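Subject: Structure for your review

Dear colleague,

Please find below the structure that I am handing over to you. My notes on what was found in it follow directly after.

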Amino acid sequence: GRGGGEETWTLVTNASNLKVGDEIVIAASNSDYALSTTQNNNNRGQAAVTKNGETITFGNDVQVLTLEAGTVDNTLAFNTGAGYLYAASSSSNHLKTQTTNNDNGSWNISIADGVATVVAQGTNTRNTMQYNANDKLFACYASASQQAIAIYKEGGGTTTYTITSTLSHVTADG
C-alpha cells in the first residue's frame, strides 16, 4: 500500500513546511487512525495506520490528499482526487467533499508540537477538523471538543546526508 516502499511519510511539525503540490495524510494525533478514502454522507471514515516515531505507514484505504491553494489568502485546499474536503455546516459536524472549492474548503493550518489546528475559513461555523474516537470518524466541530489531528507529508522529513571524502595529500601554498 501507500506509505511503504520508497515513500516516507513524516510528521509535519511546522506549517511553513506545507506547500502547494505536497501530498499529505491527516491522522489522529494520539491514535493509530487516519482519514480514510470513504466519504460517508456527513463525515470521513477512519483507516488504521502504523506510526513509528515521526513516520507513518498505511494501506490503500487511507486518503492521500494533494495540497492546492485555497480561495482565501494563506489557506490550503485538500484535493482528494475527486473533489475538495470542506466544512459543510454551521449546525452539524459535517466534513464532506465538493467538486468546486470555496472558502469552506480553504483551510488555515497551524501546527504546534506536531498537533495541527485545521480551520476552514468560510461562513460555516463547525469548521475545525478533528478526530472523533467514539464514532470512529473525522468531522468538523465548532470547538476543540474531539481529538486533535496531525499532518504527515510525503518526503516531509529531514534527510541526513553523510558526505565522505578521502584526501590522500593536501598541500598548502607558502
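Two strands are said to pair if DSSP finds at least two bridges between them. With that in mind, please note that this is a predicted model, and that the notes below begin with its strands.

**Overall make-up**

The chain holds 14 strands and 0 helices. Its pattern along the sequence is therefore β-β-β-β-β-β-β-β-β-β-β-β-β-β. Of its 174 residues, 43% are buried. The accessible surface amounts to about 9100 Å², and carbon and sulfur atoms account for 42% of that area. If one takes the contacts between residues at least 6 apart in sequence, 56% of them join residues at least 24 apart.

**Strand β14 and its partners**

Strand β14 pairs with β1 in the antiparallel sense, over 3 bridges. Within this pairing, leucine 11 has tyrosine 152 of β14 as its bridge partner. Strand β14 also runs antiparallel to β2, and 5 bridges join the two. Here isoleucine 26 has isoleucine 151 of β14 as its bridge partner.

How enclosed is β14 by the rest of the structure? It is largely enclosed, because 5 of its 6 residues are buried.

**A network of salt bridges**

The count of salt bridges comes to 2. Aspartate 22 meets lysine 19 in a salt bridge, with 3.1 Å from N to O. Aspartate 22 also forms a salt bridge with lysine 153, where the closest N and O atoms are 3.2 Å apart. The second of these pairs ties together parts that are 131 residues apart in sequence, because aspartate 22 lies in the loop between β1 (9–11) and β2 (23–28), whereas lysine 153 lies in strand β14 (residues 149–154). Lys19, Asp22 and Lys153 are thus linked in a network of salt bridges.

Are the residues of this network buried or exposed? The cut-off for buried is a relative accessible area under 20%. Aspartate 22 has a relative accessibility of 7%, so it counts as buried. Lysine 153 has a relative accessible area of 9%, so it is buried too. Lysine 19, at 49% relative accessibility, counts as partly exposed.

**Aromatic pairs**

How many aromatic pairs does a search of the whole structure find? There are 4. In one of them, the rings of tyrosine 33 and tyrosine 131 have their centres 6.2 Å apart. This pair is stacked, because the planes of the two rings stand at 20° and planes under 30 degrees apart count as stacked. Tyrosine 33 belongs to strand β3 (residues 33–39) and tyrosine 131 to strand β12, so the pair ties together parts that are 98 residues apart in sequence.

The two tyrosines can also be described by their accessibility. Tyrosine 33 has a relative accessible area of 30% and is partly exposed. Tyrosine 131, with a relative accessible area of 2%, is buried.

Tyrosine 131 forms a further aromatic pair with phenylalanine 138, which is tilted: the centres lie 4.9 Å apart and the planes are at 45°. Both tyrosine 131 and phenylalanine 138 are buried. Ring pairs link Tyr33, Tyr131 and Phe138 into a cluster.

**Threonine 128**

Strand β12 (residues 128–132) also contains threonine 128. Threonine 128 has a relative accessible area of 13%, so it is buried. With its neighbours within four places in sequence left aside, threonine 128 is in contact with Val118, Val119, Ala139, Cys140 and Tyr141.

**Nonpolar cores**

The largest nonpolar core has 25 residues, of which Ile26, Phe78 and Trp107 touch the most other members. A second, separate core has 13 residues, including Ala34, Ile56, Phe58 and Val62.

What is phenylalanine 78 in contact with, leaving aside its neighbours within four places in sequence? Among its contacts are Ile24, Ile26, Leu65, Leu67, Tyr84, Leu85, Trp107, Ile109, Val118 and Met129. Thr66 and Gly83 are also in contact with phenylalanine 78. Ile26, a member of the largest core, is the residue whose bridge partner in β14 is isoleucine 151.

With kind regards

Methods. Residues numbered from 1 in each chain as written. Predicted model: local features only at pLDDT ≥ 70, side-chain atom pairs only at ≥ 80, totals over all residues. Heavy atoms only, no water. Helix = DSSP H or I, 4+ residues; strand = E, 2+ residues; numbered from the N terminus. Buried < 20%, exposed > 50% of the residue type's maximum accessible area, 1.4 Å probe, protein only. Contact = heavy atoms within 4.5 Å. Areas by Shrake-Rupley, 256 points an atom, 1.4 Å probe, with all protein chains shown as cover. Core = buried A, V, L, I, M, F, W, Y, C linked by side-chain atoms within 4.5 Å. Phe/Tyr/Trp six-rings, centres within 6.5 Å; stacked < 30°, edge-to-face > 60°. Salt bridge = Lys/Arg side-chain N within 4 Å of Asp/Glu carboxyl O.
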